[in-house]
Amino acid sequence: MAKEKITSSSTAEYFSKNLQQVGFSSPTKAVLTTLKEAVDNSLDACEEAGILPEISVEIHKMGPGTLKNTDLLKVVVSDNGPGLEEEDIVKVFGEYLASSKFGRGRCSRGQQGIGISAATTWAQLTSAKGAKVITKTKDMRLAISCTVMVDIKHNRGVITDRQTFKSDKPHGVSVEFLFDGRLQLQGEGGILTYLTGTALVNPHLTLKYKIGEEAWQDIPRVSNEVPTIPDAIEPHPHTMKLGEFIAHSHLFGRATVATWLKKGFSRITDNVIKEFITNGADKKMFEQSIDKTADEQFKTLFSAVQKTTLMAPSTKSVMTIGELAFSKSIRRLGEIDFFAVMTRKPTICDYKPVAVEVAIARLQNGNQNPDEQGPVQVLRFANRVPLQFDKAACAIVRAIETVNWRAYGLVQPKGGLPTGDYVIAVSMVSPFIKFKNASKETIDASDELVEEMRRALIQAGQRLSRHIRKENREADLENKTRHIEQFCPILVNALCRITKAPESRKKKANEGLIKLLGRDVNAARKQVEEAAEEFRVAREQGKVHHIDDGREDLEAPIDDTEVDAAAEGDAEEPARAAKGASKSGKKSKKAASKPAKKSAKASKGSAKERSL
Amino acid sequence: MASSENDVPKLSKEMCNRLLSDLESARRPVLEAVKCSLDNSFYNPKVGFLTPGDKRVRTELNVSSVQKMSRAIFLLEIFLRNLETGAVNTKREIYYIAKGEVKHDPHFGPLDFADQSESDSVIDFICEMLECYREDLNCFANDRGGQTYSQQLVVTETLPDGDKAVVDLSSLGTTPFQPKNRPQSLRLKAKKKIDFCLVVESEGTANTFVANGFCRRHNCILLGAQGVPSNAVRGWVKLIQDELSVPIYFFGDLDAYTLQNIYRTLKAGSAASLIRNADFSAPDIRFLGVLPEDIKKYDLNDYPVKENDVQEARALKKAHDALKNDPFFKDKKNKGLSDILNWLIKNKRRCEQQAYFTVDPRDPTMPEKIIVEKIKRGDYI
């Protein structure tokens with residue numbers, strides 16, 4: 001082995017050399033990641049302080065960049081949050097892994113404290129300028145303006161150009177980055193896609209943005225409630241590996257093993273500890289101090305923990321957007337025709353609490369030719385942050401692909417995404433989202449998680465299908481009526497020519513044919529009426545919304561009865577329903593006329609946990 | 001079932017009359033046709049070809065099927081006109097004739113075909129309803145495949161006007177005889193005893209054999225199938241079998257596609273043409289090779305089936321299905337053939353007919369020698 005000097009590097013040094021791992025792998029991604037990190041921080045800060053967020057975003061091209069095929073861009077993000085204390089500025093913008101949220105088990109957007117420092121580093125590396133920060137808390141008389149640089153060697157922030165000035169704003173932070181990047185507006189990695197996506201899953205957000213020479217755009221909030229982020233929960237022991245388990249004990253501090261287990265984890269009680277002992281754990285170790293516990297003892301304890309059946313963790317730490325807010329927010333996506341939203345009750349996947357919400361909307365004035373329509377637009381969200389890259393491996397896309405959308409009236413190539421002018425938005429919220437990479441672009445597709453998302457999508461698809469079915473029936477009726485007018489005379493005339501039948505036979509046959517086909521049309525008309533009735537009932541129940549109905553009372557009680565049937569994976573059910581319109585019409589009427597005890601019971605349970 | 005073109009106008013008129021009567025009394029007309037699919041196919045080794053079962057497809061006139069029915073009657077009228085005047089057309093021409101009718105009479109507008117596949121499917125529908133061949137409607141495919149060489153064969157063709165044309169194949173030199181899509185009008189005679197008939201999958205290889213003097217050295221009939229046999233080839237081989245009673249051998253590639261799509265179709269017909277298998281299959285034809293054992297015996301160059309080749313992968317999958325569902329391969333009498341399919345599935349290898357040229361690259365007649373030797377030894381299935 002060569003005798004080379006082994007040196008240590010700082011965290012900042014590591015990330016400055018590996019910025020691609022945290023979302024700065026290309027000039028295009030650099031713009032989006034910078035914007036995303038700044039907006040995430042602003043939203044988290046506002047929500048922590050109970051402030052309705054108002055965020056403005058400005059992006060300008062300042063000239064050519066130093067890197068090949070790039071522009072020098074200025075990105076400014078300002079918020080009305082509580083503002084940063086002066087001593088916190090360097091930590092937030094100039095130091096890696098300095099976070100108030102690291103490993104807290106809460107559904108906040110930021111988790112590790114890497115992103116915004118990486119944005120400062122990128123700006124520093126490409127334009128030799130740090131982040132320009134302006135902050136004012138409500139206790140500050142004057143606002144503070146400064147530039148933050150990352151001291152890469154020592155992983156700490158350095159402030160320069162500090163100034164104070166009078167500001168009209170009562171509080172808030174404004175951050176400005178000057179860096180090399182390439183601006184992409186539309187498409188999966190586009191800035192506008194990000195901004196509209198952020199507005200969709202944050203109904204309480206007022207967003208203003210100005211990109212280049214374009215005029216300011218304003219997306220006003222549709223909800224005046226600041227989401228309350230539920231309290232953090234302790235980790236569940238079944239989610240850990242042995243190394244993590246031991247590390248967790250040392251981070252906990254001085255305590256006995258029993259205290260550490262009961263306070264450091266969820267779902268461990270005295271009775272559970274007795275079960276650990278039954279499953280092979282050493283009885284004596286529970287009263288000894290963590291510091292005095294040997295690794296071998298931890299190993300025995302860990303295997304006893306794994307052998308013991310534990311209650312699933314609580315779902316109280318999970319928050320949702322809610323169907324009402326989601327319904328209002330989806331209208332901000334653009335010109336949409338109709339939509340359906342679905343909020344699932346929080347549940348446990350891989351021992352982690354998870355809540356999945358789905359919104360499906362059809363865009364108006366889209367391309368009506370099914371042969372020319374591309375795949376649906378998929379909007380993915382994790383803890384209310386849009387995910388815009390590497391969609392193929394994401395749990396959300398996997399889940400969408402496993403649903404049989406044809407059963408709900410959408411066109412879908414085998415095993416692929418459905419096609420058409422639809423937007424499918426899937427939001428997943430969890431304090432412990434398992435991402436595939438540090439840049440948080442792809443949710444790991446575990447079987448349980450994909451199944452939970454699939455169920456949500458099936459339910460939303462069912463709701464949507466009521467509208468599509470009604471449309472299809474109307475088109476079918478129109479088609480049938482047209483067929484009678486067009487083909488009856490042609491068919492009868494041709495038959496008469498071949499058989500050389502007299503005029504009297506022709507007349508009689510024409511009458512008979514119209515009578516025959518009229519029966520079919522009447523049956524089709526009846527089907528349209530039934531589908532319309534079914535749709536009306538669904539609309540009254542808030543399961544599907546037409547954008548022209550002008551209704552504002554979009555509160556949607558959740559009927560889990562139909563949902564559970566589909567959630568059992570019976571995707572054929574809606575297909576059958578779509579085929580037998582008369583049957584499904586009766587079924588739906590029946591369901592609507594019932595007081596729906598079951599659904600009331602189900603929604604009671606879910607409403608409790610969903611209340612924001 | 002229509003037995004000749006003379007029946008078609010009669011049957012058509014009867015069918016139209018029935019339709020009209022049903023309509024007059026506001027009754028829903030129903031048209032029935034034989035279900036042409038594998039699940040309605042039966043194979044009896046004594047019969048020798050796939051025959052239809054009892055399953056039938058019913059088409060009821062309703063708002064959804066009125067367009068299809070109208071289009072069928074519209075094309076039927078064109079065919080009846082052709083039969084009356086003796087005009088013939090291909091499917092492509094019928095498509096354009098239909099387009100022309102629509103162009104000249106706007107009332108036919110709703111019947112317009114967007115592409116040929118639409119008019120083709122209506123033609124097939126008419127054939128199923130009348131249980132006839134499209135040739136019975138004077139609608140012919142181009143004469144593909146079946147180029148035949150022989151020094152002994154004499155063909156007599158009855159022309160539409162009743163005249164007879166006699167073709168002595170030995171007088172054609174290196175020009176092949178091209179069998180027609182309606183072999184029913186041909187009669188065969190052997191000038192001298194014919195020992196065998198060899199059907200070669202590749203028409204190019206058949207031409208090579210002839211150029212190298214195969215037909216001069218052997219009393220035989222040699223013809224190229226040109227891939228999946230057309231009606232002309234199928235009917236022609238059947239005619240050779242029935243009229244000359246000579247042993248017929250098939251020489252082609254060793255792969256699942258050849259075995260199922262080419263050889264099985266020649267020997268026992270196909271599920272899609274259940275109603276015409278009786279006239280278009282030659283149950284006596286034997287599979288001469290390439291046989292799996294030939295690879296070792298003659299040290300032939302074979303190669304693995306490419307998993308990423310869609311056609312080859314599909315053929316292997318079809319071979320799996322055939323062993324399970326195809327009555328022809330399931331029958332004990334064809335165990336030798338199903339064994340080959342099993343061998344292909346297991347070994348995932350294939351060998352082309354031209355591989356015989358590797359045996360002695362300097363002897364252009366080596367494949368011929370092997371073939372003749374195999375026939376003599378009875379080395380076939």
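How many helices and strands does chain A have? Chain A has 17 helices and 15 strands. The structure described here is a predicted model. Chain A holds 612 residues, and buried residues make up 47% of them. Among the contacts in chain A with a separation of 6 or more, 74% join residues 24 or more positions apart.

One sheet of chain A is described here. Its 8 strands form an open sheet in the order β5-β4-β3-β6-β2-β1-β7-β8, and the pairing is mixed. Strands β5 (156-165) and β8 (217-219) of chain A are the edges, each pairing on one side only. Neighbouring strands of this sheet are turned against each other by 15 degrees on average, direction ignored. In general, strands of a sheet pair through backbone hydrogen bonds, either parallel or antiparallel.

Strand β3 of chain A (residues 131-136) has β4(A) and β6(A) beside it in the sheet order. The pairing with β4(A) (residues 143-151) is antiparallel and runs over 5 bridges. A:T135 has A:I144 as its bridge partner in β4(A). The two strands form a hairpin, with 6 residues between them. On the pairing of β3(A) with β6(A) (residues 172-181), the sense is again antiparallel, over 5 bridges. Here A:K136 has A:G172 as its bridge partner. Is β3(A) largely enclosed or largely open? Of its 6 residues, 5 are buried, so β3(A) is largely enclosed by the rest of the structure.

Strand β4(A) also pairs with the edge strand β5(A), in the antiparallel sense over 8 bridges. The bridge partner of A:A143 in β5(A) is A:F165.

Helices pack on this sheet. Helix α2 of chain A (residues 27-49) touches β1 (54-64), β2 (71-78) and β6 of chain A. The direction of α2(A) makes about 175 degrees with that of β6(A). Helix α5 of chain A (residues 191-201) lies across β1, β7 (206-211) and β8 of chain A. With β7(A), helix α5(A) makes an angle of about 170 degrees.

A:S127 offers a local view of chain A. This residue is found in helix α4 of chain A (residues 115-127). Is A:S127 buried or partly exposed? The count of other C-beta atoms within 10 Å is 19, and a residue is buried only from 20 or more, so A:S127 is partly exposed. Leaving aside neighbours within four places in sequence, A:S127 is in contact with A:L72, A:L178, A:F179 and A:D180. A:L73 lies 54 residues away along the chain, yet its C-alpha atom is separated from that of A:S127 by 9.6 Å.

Chain B is described through two helical regions and one sheet. Helix α1 of chain B covers residues 7-24. At 1.5 Å a residue, its 18 residues should span 26 Å. The end C-alpha atoms of α1(B) are 26 Å apart, which agrees with that expectation. Which residues of α1(B) are buried? They are B:V8, B:S12, B:M15, B:C16, B:L19, B:L20, B:L23 and B:E24. An α-helix has 3.6 residues a turn, so residues three or four places apart point the same way. After α1(B) comes B:A26, whose phi is positive, near 55 degrees.

Helices α10 (residues 310-325) and α12 (residues 335-347) of chain B meet further along. Their axes come within 10 Å and cross at roughly 140 degrees. That angle makes α10(B) oblique to α12(B). The crossing is left-handed. On the α10(B) side, the residues that meet α12(B) are B:L316, B:A319, B:H320, B:A322 and B:L323. Their counterparts in α12(B) are B:S338, B:L341, B:N342, B:L344 and B:I345.

A sheet of chain B has 3 strands. The sheet is open, in the order β7-β6-β8, and the pairing is antiparallel. Its edge strands are β7 (164-168) and β8 (186-190) of chain B, each pairing on one side only. The twist from one strand to the next averages 20 degrees. Strand β6 of chain B (residues 153-158) pairs with β8(B) in the antiparallel sense over 5 bridges. In β8(B), B:L188 is the bridge partner of B:V155.

Conventions: Residues numbered from 1 in each chain as written. Chains lettered and ligands numbered in written order. Predicted model: local features only at pLDDT ≥ 70, side-chain atom pairs only at ≥ 80, totals over all residues. Buried ≥ 20, exposed ≤ 12 C-beta atoms within 10 Å, placed from the backbone. Helix = DSSP H or I, 4+ residues; strand = E, 2+ residues; numbered from the N terminus. Pairing = 2+ DSSP bridges. Expected span 1.5 Å × (residues − 1). Axes fitted to C-alpha atoms, helices over the stretch in contact; angles between N-to-C directions. Parallel < 35°, antiparallel > 145°, perpendicular 65-115°, else oblique. Left-handed = near helix turned anticlockwise from the far one by under 90°. Contact = placed C-beta atoms within 7 Å.
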